[in-house]
Amino acid sequence: MGLLKGAWLAHACCTITELRVPDILGENTRPVTEIAAEAGADSETLYRVLRALTTVDIVTEFPGRRFALTPAGSLLRSDTEGSLVPVVSMVRDEVMGLFGELTHAVRTGEPAFEKIYGKSFYDYLAANPDRNRSMTSGLAASRRIPAMLASCRFGGARIVADIGGGNGALLARVLTDHPGLRGTLLELPEAARHARHVLAEEGVADRSEVVEGDFFEAVPTADVYVLARILRNWDDERALALLTRVRETCRAGDRLLLFEKVIPDEPVFHPAKIDDLLMLVLVRGRDRTESEHRKLLGTAGFRIQEVRTPVTDLDAEAVIEAVAE
């Protein structure tokens, strides 16, 4: 029963974020009556919700029904670095409803998203610019620079291409850490506009180019290709098509860096097994095992040189380093 209560707490987090309770609290300790008055909420009901959230370390309760945010709860503020507010909005508006149709996905093998919205996730975003912007913001907030990037070496490379590079933060970090490199980022128009802004803010616009396009159609030339959290969004057929497109563009010996959740081949605990459920209801992709990655890459013409997995944070992506044969 305790496991099933997790959904209740997720809804509670969404509710206090929608009511701006974390912003109202800020760094202060305040009585629930004041919080409720500013949030436009019923004081007694809000108290019960906040009291429940003390059990998962979102808020701390003090005598007199006063509350303060914990470090985890502070991430639900809109004005804090690394704010999860866009993620919470995405979870509330899109993800929770999808899991209500998990049975449909299991029965049919089709994403729940397509049953609810009548089209694929990516077709839906293309047809709804406002939702595209909000979900792009949510995904950007949830996709921080992979921790394993620090372990990657770019010696001997001149150009790195970030394929499907999102908001540009990863490429900006690479170019900042390696002043001799130039970079190209390939993205769809909405994300590309955001990436140009980020690259300029980080002071690397003069060494980078943002290309708008579809990575299934063409990818830019480079010495090192980066695909971060891309393959998981696609089924094996489309993932192979993308890898093949990269292999057709690059030269033998060029390097490929994949940042992906890697599920152990052995039947042991790993949080990526849970994350894979989101792929199941949202898109036609999946999180893969190491052997599944090896098969895909080998078929596309790449040889894996090393798979490095995070030691302490199992929620972080592994890095798969491969070379074009």
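## Sheet and helix packing in a predicted model

Strands E5 and E6 pair in the parallel sense, joined over 5 bridges, and within this pair Glu-187 has Glu-212 in E6 as its bridge partner. Between the two strands the chain passes from E5 through H12 to E6, a β-α-β crossover that is right-handed. The coordinates described here belong to a predicted model.

The sheet to which these strands belong is open and has 7 strands in the order E6-E5-E4-E7-E8-E12-E11, with mixed pairing. Its edges are formed by strand E6 (208–212) and strand E11 (302–308), each of which pairs on one side only. Neighbouring strands of this sheet are turned against each other by 20 degrees on average, direction ignored. In general, strands of a sheet pair through backbone hydrogen bonds, in either the parallel or the antiparallel sense.

Elsewhere in the order, strand E7 (residues 224–228) pairs with strand E8 (residues 255–260) in the parallel sense over 5 bridges, and Leu-227 stands opposite Leu-258 in E8.

Two helices that lie across strands of the sheet are set out below.

| Helix | Strands crossed | Angle |
|---|---|---|
| H12 (residues 189–201) | E5 (182–187) and E6 | about 170 degrees to E6 |
| H15 (residues 290–300) | E8, E11 and E12 (318–324) | about 155 degrees to E11 |

Turning to the annotated N-terminal part, an unreviewed UniProt entry lists residues 2–76 as "domain: O-methyltransferase dimerisation". Over residues 2–76 the model is 56% helix and 13% strand, while the C-alpha atoms at the two ends of this stretch are 24 Å apart.

How values were computed. Residues numbered from 1 in each chain as written. Predicted model: local features only at pLDDT ≥ 70, side-chain atom pairs only at ≥ 80, totals over all residues. Heavy atoms only, no water. UniProt positions renumbered as here; feature names shortened; annotations may be inferred. Helix = DSSP H or I, 4+ residues; strand = E, 2+ residues; numbered from the N terminus. Pairing = 2+ DSSP bridges. Axes fitted to C-alpha atoms, helices over the stretch in contact; angles between N-to-C directions. Contact = heavy atoms within 4.5 Å. Right-handed = clockwise from strand over helix to strand, strands pointing away.
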